[in-house]
Every structure is written in structure tokens, then in C-alpha cells.
Amino acid sequence: MTESAHLTETRAAYDTVAADYAALVSAKLPELPLDRALLGAFAELARAAGGPVADLGCGPGHVTAHLAALGVDAFGVDLSPRMAELARRAYPELRFEVGSMTALDLPDGRLGGVLSWWSIVHTPRELLPRVIAEFHRVLAPGGHALLGFHGGDDEHVRRDQAYGHPVSLDVHFARPEGIAALLAAAGLPVTATVWQAPGERQRRPAAYLFARKP
């Protein structure tokens, strides 16, 4: 089967920037109290639901490690082999796999939580239902999902530079209500929405959606 162009481009881009990306973002979480609060709430919900938690698009693994420190049985999945390699090196006690959110190599209905922390931002809108259907498939009944993404109109920008490297990468922006509708259609009704206005650390608004599989 021919791979979607966005997967090929995204993998190549993050393989290219992996080391510089990891050095930058891994140190930021201690400076982001809202992020930590949201991840803490998600960890509490996922622990109560039971089952492991998949950090999908885990990058260098720092968020996976943060969840594990909160008592969650967390593992990471990333499209980029280089990112997964860096995550394994930084957190050898945790599990990191290479895979795509469009076709997760995970069994049905086993996870207590799915985290998509800025990992849908490179997925074209027409493919989001397929990705969200995978979230629903792997979650156990009562399991929770948390999505963080760039808020804004349904548009995208083309990046040819990132983290000091030449890349070819689309970054997508979305309205929270649009993503909430896709989640609901997939059987993951939204339970909470958080909207973060642009500020010192971000030029664009950010959206966070909690959802639960009944």
C-alpha cells in the first residue's frame, strides 16, 4: 500500500530535526504550568480507567516520562525512528515504538488512555476521522483521550525550515468545535475543552480537548 505523502514528509522532517527538537522541547515542560495541570488531570482519569496509556506522537519521550512519573503505565509511539531512538536513550526504563496514528499496531479496547499532544497538527483534515477512529478502537470502554493542538481557522501553513533545518512540512490549525465533532462522530464525546490565548510562549492559540469512550 502506498503511504500518504504527509506521513513520508512528517517522518523525514522529524528524523532531520530530532536532536535539536529534543534539546529544545524536553526542557520546556517544567516552565509550562497549564500543560502540567492538564497532563496531571489526564493521568488521574487514565489511572482510574485502568489499562496502559499510549502517548501517540511522543517525540523525544519527555511527556511519556512525565506521565510515568505521575503513576501511569505509559508508553510512546512515534512516526520518526530517530525520535523513538532518542526517547529510548533518554528513558531506557520506558517502552517506545515506531508507528503511525493512522494504523496503530495495538490491540482493540485495551488502553486506559490515549494522549495526542500536538501530534495531529501535521495530519490533513480529511484524514483526521481515520486517526480518531484508531483512538476509539484502541481505548477500552471508560478510557480517556486528551488532544492538544494549534487552535484557529481550518487552515494550514507550509514550513520549509524548522529547528534550524530545511524541511517540507505542513502545520494544520483547527477549531476546537470541529475536532470535537469528529471525536463525537467516532464515539468519543468531549467532556472538557480548554482554550489558551496566545501569549509570551506561543504566537497562536492552543486548544485542548478531553474525551471519553462510553
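This briefing describes the sheet, the helices, the hairpin and the buried cores of the structure. The model is a predicted one. Its open sheet has 7 strands, and the pairing is mixed. The largest nonpolar core contains 29 residues, and another core, apart from that one, has 17 residues.

**The open sheet**

- The strands of the sheet follow the order 3-2-1-4-5-9-8.
- Strand 3 (96-98) and strand 8 (190-196) are at the edges; each has a single partner strand, so one side of each has no neighbour in the sheet.
- From one strand to the next, the twist averages 15°.
- Strand 2 (residues 74-78) and strand 3 run parallel and are joined by 3 bridges. Within this pair, V77 has E97 of strand 3 as its bridge partner.
- In general, the strands of a sheet pair through backbone hydrogen bonds, in either a parallel or an antiparallel way.

**Helices packed on the sheet**

- Helix 4 (residues 81-90) packs on the sheet and touches strand 2 and strand 3. The direction of helix 4 makes about 170° with that of strand 3.
- Helix 6 (residues 176-185) also packs on the sheet, where it touches strand 5 (139-150), strand 8 and strand 9 (206-212). The angle between the directions of helix 6 and strand 9 is about 20°.
- The buried residues of helix 6 are P176, G178, I179, A180, L182 and L183. Their cover includes helix 5 (128-138), strand 5, strand 8 and strand 9.
- After helix 6 comes G187, which has a positive phi near 90°.

**Helix 1**

- Helix 1 (residues 5-25) has 21 residues, and its end C-alpha atoms are only 26 Å apart. A straight helix would reach 30 Å at 1.5 Å a residue.
- A kink of about 65° is present in helix 1, centred on A18.
- A18 is also one of the buried residues of helix 1, which include H6, L7, T10, A13 and Y14. Further along helix 1, V17, Y21, A22 and V25 are buried as well.
- Helix 3 (62-69), helix 4, strand 6 (155-162) and strand 7 (165-173) are among the elements that cover these buried residues.

**The hairpin of strands 6 and 7**

- Strand 6 and strand 7 pair in the antiparallel sense, over 7 bridges. H156 has H172 of strand 7 as its bridge partner.
- The hairpin has 2 residues between its strands, and Y163 in this hairpin takes a positive phi near 55°.

**Nonpolar cores**

- In soluble globular proteins, nonpolar side chains tend to be buried together.
- F135, F149 and I179 have the most contacts inside the largest core.
- At least two residues of this core come from each of strand 1 (53-56), strand 2, strand 4 (111-117), helix 5, strand 5, helix 6 and strand 9. Helix 5 gives the largest share, 5 residues.
- Beyond its neighbours within four places in sequence, F149 is in contact with residues including W118, I120, V121, A174 and P176. Other contacts of F149 include I179, P205, A206, A207 and L209.
- The separate core of 17 residues has L29, A43, L115 and L146 among its members.

**E134 in helix 5**

- E134 lies in helix 5. E134 counts as buried because its relative accessibility is 12%, and buried means under 20%.
- Leaving aside neighbours within four places in sequence, E134 is in contact with M101, T102, A103 and L104.
- L106 is 28 residues from E134 along the chain, and their C-alpha atoms are separated by 9.4 Å.

Terms used:
Residues numbered from 1 in each chain as written. Predicted model: local features only at pLDDT ≥ 70, side-chain atom pairs only at ≥ 80, totals over all residues. Heavy atoms only, no water. Pairing = 2+ DSSP bridges. Helix = DSSP H or I, 4+ residues; strand = E, 2+ residues; numbered from the N terminus. Axes fitted to C-alpha atoms, helices over the stretch in contact; angles between N-to-C directions. Contact = heavy atoms within 4.5 Å. Expected span 1.5 Å × (residues − 1). Bend = angle between axes of the 7 residues up to and from the residue. Buried < 20%, exposed > 50% of the residue type's maximum accessible area, 1.4 Å probe, protein only. Core = buried A, V, L, I, M, F, W, Y, C linked by side-chain atoms within 4.5 Å.
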